[in-house]
Amino acid sequence: MGGAKTKRMPRAVREQQMLDAAVRVFGQRGYMAASMDEIAELAGVSKPLVYLYLNSKEDLFTACIRREATALTKAVRLGVRTDLPADRRLWDGLRAFFAHTAEHPDAWSVLHLQARTHGEPFATEVAAMRKEIVAFVTGLVAVAAREAHRDPDLPEHEVAGLAEALVGAAESLAAWANTTPGVTARQAATTLMNFAWSGLGNLMQGTSWTPPAEPTGEAACGA
């Protein structure tokens, strides 16, 4: 009697296993030090099969960036209910961001560190993800600002800079939280919320800090 036939794993499932292994190796070892042999072994496949599915180390790394960028942006979007008040929307978005990056530290290392330090085309992939998140945050804040100011035509560029600053702060804080023992995703989100909402809250109320006037005339020449 012949032995039982081994059921072939669908290509899509096998490819996800390869990407899982690659994210882990790239995230922990870095792009340059990552070995295709180690990735194949961790995925439980042969190295030729990795090349057959994903062509090259560069293509494999690009596929990892795209998958993890999509997962992060999806997590942030799904974490926000747009029918809630502005502060709750921001809080939920931050909490979703920090929860996802904490649960997937290797993926965050790939996106935040590895992809940005190895040039094109990797940096472009991450820039596209960041642009999408900034646009999403800008939209959230702009809607709230329009409601607070009772001005439906308030342009998004009025709050775009705040969104850029907020996303940049979230990225840096996530990198710190993931390498600092004892810091939870909720604590990281709370820290940034306390830091950001004092300014955003004032914006919602129509008040903001104004820089002092620039010196003019002789005073400017003597500055």
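1. Which residues are exposed on the other side of helix 3? They are P48 and L52. Keep that pair in mind while you look at the rest of the helix, and remember that you are looking at a predicted model.

2. Now turn helix 3 around. This helix covers residues 47–54, and its buried residues are V50, Y53 and L54. Looking down the helix axis, you'd see the buried residues fall within an arc of 75°, so they line one face of the helix. That face has company: the buried residues pack against helix 1 (11–29), helix 2 (36–43) and helix 4 (57–78). Just past the end of helix 3, N55 has a positive phi of about 70°.

3. Stepping back, here's the overall layout. The protein has ten helices and zero strands, so along the sequence you read α-α-α-α-α-α-α-α-α-α. Of its 223 residues, 38% are buried. As for contacts between residues at least 6 apart in sequence, 69% of them join residues at least 24 apart. The exposed surface comes to about 13000 Å², and carbon and sulfur atoms supply 55% of that.

4. Next, the inside. In soluble globular proteins, nonpolar side chains tend to be buried together. Here the largest nonpolar core has 59 residues, and the ones touching the most other members are F26, L60 and F98. Helix 7 gives the most to this core, with ten residues. Try clicking on F98: setting aside neighbours within four places in sequence, F98 is in contact with A170, L173, A174, A185, A188, A189 and L192.

5. What about polar side chains that are buried? R89, in helix 5 (residues 86–103), is buried, with a relative accessible area of 6%. Its side chain reaches the backbone oxygen of L84 at 2.7 Å. T138, in helix 7 (residues 122–149), is buried too, with a relative accessible area of 5%. A polar atom of the T138 side chain sits 2.7 Å from the backbone oxygen of V134.

6. How many salt bridges does a search of the whole structure find? The count is 13. One of them joins E68 and R67, with the closest N and O atoms 2.8 Å apart. E68 is buried, at 7% relative accessible area, while R67 counts as partly exposed at 22% relative accessibility. The cut-off helps here: buried means under 20%, so R67 doesn't make it.

7. Another salt bridge pairs E132 with R77, and here the closest N and O atoms are 3.4 Å apart. This pair links distant parts of the chain, since E132 is in helix 7 and R77 in helix 4, 55 residues apart. Both ends are partly exposed: E132 has 34% relative accessibility, and R77 has a relative accessible area of 38%.

8. Last one to look up: R130 and E164 form a salt bridge whose closest N and O atoms are 2.8 Å apart. R130 lies in helix 7 and E164 in helix 8 (residues 157–178), so the pair ties together parts that are 34 residues apart in sequence. E164 counts as partly exposed, at 38% relative accessibility. The pair also belongs to a network: salt bridges that share partners join R116, R130, E164 and E171.

Terms used: Residues are numbered from 1 along each chain as its sequence is written. This is a predicted model: local features need pLDDT of at least 70, side-chain atom pairs count only at pLDDT 80 or more; totals for chains, interfaces and linings use all residues. Side-chain values use heavy atoms; hydrogens and water are left out. Buried means under 20% relative accessible area, exposed over 50%, partly exposed in between (1.4 Å probe, protein chains only). Helices (H or I, at least four residues) and strands (E, at least two) are DSSP runs, numbered from the N terminus. The arc is that of the directions from the helix axis to the C-beta atoms. Contact means heavy atoms within 4.5 Å. A polar contact is a pair of N or O atoms within 3.5 Å; within protein, one must be able to donate a hydrogen and the other to accept it, and residues adjacent in sequence count only if both atoms are side-chain atoms. A nonpolar core is a set of buried Ala, Val, Leu, Ile, Met, Phe, Trp, Tyr and Cys residues joined through side-chain atoms within 4.5 Å. Accessible areas come from the Shrake-Rupley method with a 1.4 Å probe; for residues, only the protein chains shown count as cover. A salt bridge is a side-chain nitrogen of Lys or Arg within 4 Å of a carboxyl oxygen of Asp or Glu.
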